[in-house]
Amino acid sequence: MAKYKVLLADDEYWAREKIRNMIQWENYSLEFLEPAKDGEQVLEKLERCRPDILITDINMPFVNGVELLGILQEKYADIVTFVISGYDDFEYVKGTFLAGAINYLIKPVNKFDLVDALSRALEIISKRQASKEALLKAASMIQDSEYSQLLEREDTCFAAQGAIGGSLDFSRRRMVFVKLHHMKKLSEAYQYDRSLLSWSIKKQILQSLECSSPIIFNHIYHANEFIAVTKMEGQALSRSAARILRDMEALSKGPVTVVVSEGSSVVNTIYKGYIQAATAWMARPFSRASVLLSCGQEKVKQAQAKPFGCFEGASWKELEKLLAERKKDAVKKLAFGGLGFLDGSVREWEYLQVKQAVRHLVSVAVDTCTPYRAAEALIAAETLAEFVDKALETLDVALVWERMEEFLDEIMYGEPEGDEGSIKDIVKKAAKYVDENYFEELTLSALSKRFHVGHSYFSRMFRKEMGETLMSYISKVRVEKAKALIRQGMGNLTEVAFLVGYSDYTYFSRVFRKVAGVSPSDYRAQVSSP
């Protein structure tokens, strides 16, 4: 994508340096030109550098901001401009807008004012150029990346200033948290283009809201989470949340969770609102039904409390005994029965209860079956355990069952039986399919169906022929593809993760580190250094 030039004009050195270092400009296809310190320098740079966006102070020597904008309007009408100033005066504001500025920001400018203004500037440029979609995606990405940082830091308050000094203090707003539990159809529909998918879904959420100027962004580290911050209350907010649930379910063809945050008197930072929403969605039922939750109201009906969610204490002892004796069928029957997979009662439990029970089951299996296993075998078991953990978030009982079966088969080392000659050819074809379709949502059951073989047998034979589990092989292929994209110069690591099949960047980073021995960012630094 082409880079768009940004020129800053301000007579204060520290103001120029603060904005220069406020965001990573190159991450958003923006080139930050050497700033100008007065109006005359601006006019010289306009002719020589031809910037696409101008950010200018009002009060500068020789040619002030309002005069400068008048010249721009006459000679450089294609340059998108916005003004920053310490002058909180209506006449100055009116003058800059009459002269063609798109926004007016009061000093000291913070990151979120700057992000919104840049995003709006890119949207305006997009209307003039053939590369409209690329620019809109870039505008969307700036907001996603910068706003997502607020969800990761407890000490960051959300108090960005508005265009003319108005407050966006979260204590006077509500959050609508949207989680899509199944991204397969959406990823395919948008050809695994994370930016296009994000921009399109945010546009749909905006249409579903009954308010003007909400803040909507996609969590940069979790592609299936969207946040809307709005001033709406009462029935209007309830109607909008219900509409978002309906629209997102139709769009994703899968279950959706929508959570509305508590009133502003309880939550005064976006971080706290996000944690509150995340806590609420994990109390939802483990079923494929979409749900609308409201923080602060009565929780979803809970199942009767039992140790570790689904097992009695005696069941864990029996499970350990069966694992030690390598009785796979009995282990599966007890495990899947205790989790409620056999009779469907798992759907009555909360997501967090099921997650805790599955994690404990995995931990018991690893401790019982791998005390003397080689490091490679332990890594393979750990990789499969992570696949099980990620499957839980889809709320798909069949997928969790499949991943658990593969995990248990690997952990207990069952030796395959059957015609090894024919299965060798199938394994080679399956590996080739993974090599060519690594970005798809690859599952054991889908691949075994494609090659017409029982998935448990296929899993064991794949491990025997390839020397590693199917899921470990998929991870390695994806990491190698990710490394190739990084070497080719793709700097946005969340885009890299999505392109190779991971909607959760945090999970991708763990897999990458496990396979490559370094984090994605460290690898990028290594290949970028001269």
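Author: The largest cavity in this structure holds about 570 Å³ of space. The model is a predicted one.

Reader: How is such empty space found, and how many cavities of 30 Å³ or more are there in the whole structure?

Author: In general, a probe the size of a water molecule is rolled over the atoms, and this shows where empty space is left. Here the search of the whole structure gives two cavities of 30 Å³ or more.

Reader: Which residues lie nearest the centre of the largest cavity?

Author: Thr394, Glu441, Gly501, Tyr502 and Ser503 do, out of 28 lining residues. As for helices, α7 (184-189), α14 (375-392) and α15 (397-411) each contribute at least two residues to the lining of the largest cavity.

Reader: How do the residues of that lining divide into nonpolar, polar and charged?

Author: For the largest cavity, 11 are nonpolar, eight polar and nine charged.

Reader: What volume does the second largest cavity have?

Author: The second largest cavity has a volume of about 80 Å³. Its lining is made up of 12 residues, and nearest the centre are Met141, Asp144, Arg194, Ser195 and Glu495.

Reader: Which helices supply at least two residues each to the lining of the second largest cavity?

Author: They are α6 (132-148), α8 (194-208) and α20 (493-499). With four residues, α6 provides the largest share of this lining.

Reader: And how many residues of the second lining are nonpolar, polar or charged?

Author: The lining of the second largest cavity has two nonpolar, six polar and four charged residues.

Note on methods:
Residues are numbered from 1 along each chain as its sequence is written. This is a predicted model: local features need pLDDT of at least 70, side-chain atom pairs count only at pLDDT 80 or more; totals for chains, interfaces and linings use all residues. Side-chain values use heavy atoms; hydrogens and water are left out. On a 1 Å grid over the protein atoms alone, a cavity is a set of points where a 1.4 Å probe fits but cannot get out, and a pocket is an open set with protein on both sides within 12 Å along at least five of seven lines; lining residues have an atom within 4 Å of a point. Grid points are joined across faces, edges and corners, and a volume is the space filled by probe spheres set on the points. Ala, Val, Leu, Ile, Met, Phe, Trp, Tyr, Cys and Pro count as nonpolar, Asp, Glu, Lys and Arg as charged, and the others, Gly among them, as polar.
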